[in-house]
Amino acid sequence: MRIGIIGAGKIGTGIIDAIKGKGFDFIASSKTAKAYKGVFISDDNKMTAEDSDIILICVKPDKAKEVLDEIKDEAKRKIIMTFAAGLPIKFYTDIADVKVVRVMTTLALRNNKGAGAYVFSSGFSESEKNEVRRILEALGEYIELSGESILPVVTAISGSGIAYLTKIFDIFIKEGISRGLTKEQSEKLIIGTIKGSLSMMEETQPEQIVKQIAVPGGTTEQGLLALEDGKLEEVLKDAFDRTIKRAEEIGQ
Ligand SMILES: NC(=O)c1ccc[n+]([C@@H]2O[C@H](COP(=O)([O-])OP(=O)(O)OC[C@H]3O[C@@H](n4cnc5c(N)ncnc54)[C@H](OP(=O)(O)O)[C@@H]3O)[C@@H](O)[C@H]2O)c1
């Protein structure tokens, strides 16, 4: 199956990075023709849709209608795999006779990492679903959902969540620097700490890990008390609420 990528911005080129050299047959187009790391990107969306079986929509949500109107004949009865945030499956099926898989992703896909979720419209055969899953496996850790209504929660955890966690890591790095470490030392410590935390989470529940580290009377206990005083949980819940609200607004 040939993949046709439409929109060569951060997500489109990230997908090229993720699938290039991994046995996928793909072509790409964008608003302006260009080359990306040796891959030719045309400015002909119709040709991309015509010459591919699975069409990946990687343009901003406000450009999706324009693109779909342009390719609806060439895309007829093909698979649209859309990465555009917020737009429901119905948005695509109302415009064109297509099968749609809606994906919530993150920019980390360019390193074959990160997490997200996807929802299939009706009409997919099992072998078509497996082709889609094969592409998603190259992009990171994706979970299949049976309906779209919970996708805003996925946005809060993974799509936007990756920025919230990175913001916290950045605060750690800057604190290290302001207290005497070099930038390199501080970054090395936080990256190692994140990897350590992940390795432990693969075998132990997070709550258990915190308990193991925060022994009574120790240093961690003090820091955890400060996080409680600062209402970290409430702040993060508020971040979830606001992300979900905005994701739902965009989807309307
Ligand atoms: N960035 C993220 O972290 C992220 C995360 C999750 C989901 N998403 C979703 O992914 C989609 C793409 O986001 P992005 O960050 O990659 O945006 P982006 O960097 O702005 O890229 C969008 C690309 O679309 C191209 N484009 C615009 N109009 C077009 C048209 N009519 N035909 C073909 N190509 C066209 C532009 O091409 P030119 O450069 O040639 O003008 C631009 O490079 C969005 O819908 C967004 O909601 C993004």
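This passage walks through a predicted model of a protein with a ligand, from its overall build to single residues.

The protein has 252 residues, and 30% of them count as buried. Its secondary structure comes to 11 helices and 9 strands. Measured out along the principal axes, the C-alpha trace spans about 70 × 40 × 30 Å. Among the contacts with a separation of 6 or more, 59% are between residues 24 or more positions apart.

A good place to begin is the ligand. The shell around the ligand holds 25 residues, and the closest are G7, G9, K31, A84 and A85. Two elements, α1 (10-19) and α3 (61-71), each give two or more residues to this shell. Of these, α3 provides the largest share, with 4 residues. Sorted by class, the shell is made up of 11 nonpolar, 9 polar and 5 charged residues.

Helix α1 deserves a second look. Of its 10 residues, 8 are buried, so α1 is largely enclosed by the rest of the structure. The buried residues are I11, G12, T13, G14, I15, I16, A18 and I19. Their cover includes several strands, β1 (2-6), β2 (25-29), β3 (34-36), β4 (39-41) and β5 (54-57), together with the helix α5 (126-139). After α1 comes G21, which has a positive phi, near 75 degrees.

The helix α1 also appears in the largest nonpolar core. This core has 50 residues, of which I15, I55, L56 and I57 touch the most other members. The largest share of the core, 5 residues, comes from α1. To give an idea of the surroundings of one such residue, I57 touches I6, G7, A64, V67, I80, T82, F83 and A84, leaving aside residues up to four places away in sequence. One of these contacts of I57, G7, is also listed with the residues closest to the ligand, and so is A84.

Attention now turns to the strands, with β7 (99-104) as a guide. All 6 of the 6 residues of β7 are buried, so this strand is largely enclosed by the rest of the structure. In a regular strand, side chains alternate between the two faces of the sheet. In β7, K99, V101 and V103 point one way, while V100, R102 and M104 point the other way, and all are buried. The list of buried residues in β7 thus includes K99 and R102.

Strand β7 pairs with β6 and with β8. With β6 (79-82), β7 runs parallel, and 4 bridges join the two. One of the bridge pairs is formed by M81 and its partner V101 in β7. Between β6 and β7 the chain passes through helix α4 (residues 89-95), and this β-α-β crossover is right-handed. With β8 (115-120), by contrast, β7 runs antiparallel, again joined by 4 bridges. Here R102 stands opposite V119 in β8.

From β8 the path leads on to strand β9. These two strands run parallel and are joined by 4 bridges, with β9 covering residues 141-144. A115 has E141 in β9 as its bridge partner. Together with α5, the strands β8 and β9 make a right-handed β-α-β unit.

Two residues outside these elements have a backbone feature worth pointing out. R77 is not a glycine, yet it has a positive phi of about 60 degrees. R77 lies in the loop between α3 and β6. It has 9 C-beta neighbours inside 10 Å, so R77 counts as exposed. N112 likewise has a positive phi of about 60 degrees without being a glycine, and is found in the loop between β7 and β8. Because N112 has 16 C-beta neighbours inside 10 Å, N112 counts as partly exposed.

The last stop is A156, in helix α6 (residues 151-159). A156 has 21 other C-beta atoms within 10 Å and is therefore buried. Leaving aside residues up to four places away in sequence, A156 touches G161, F240, T243 and I244. Its C-alpha atom is separated by 23 Å from that of V132, a residue 24 positions away along the chain.

Key. Residues numbered from 1 in each chain as written. Predicted model: local features only at pLDDT ≥ 70, side-chain atom pairs only at ≥ 80, totals over all residues. Near = placed C-beta within 6 Å. Nonpolar A, V, L, I, M, F, W, Y, C, P; charged D, E, K, R; others polar. Buried ≥ 20, exposed ≤ 12 C-beta atoms within 10 Å, placed from the backbone. Contact = placed C-beta atoms within 7 Å. Core = buried A, V, L, I, M, F, W, Y, C linked by C-beta atoms within 7 Å. Pairing = 2+ DSSP bridges. Right-handed = clockwise from strand over helix to strand, strands pointing away.
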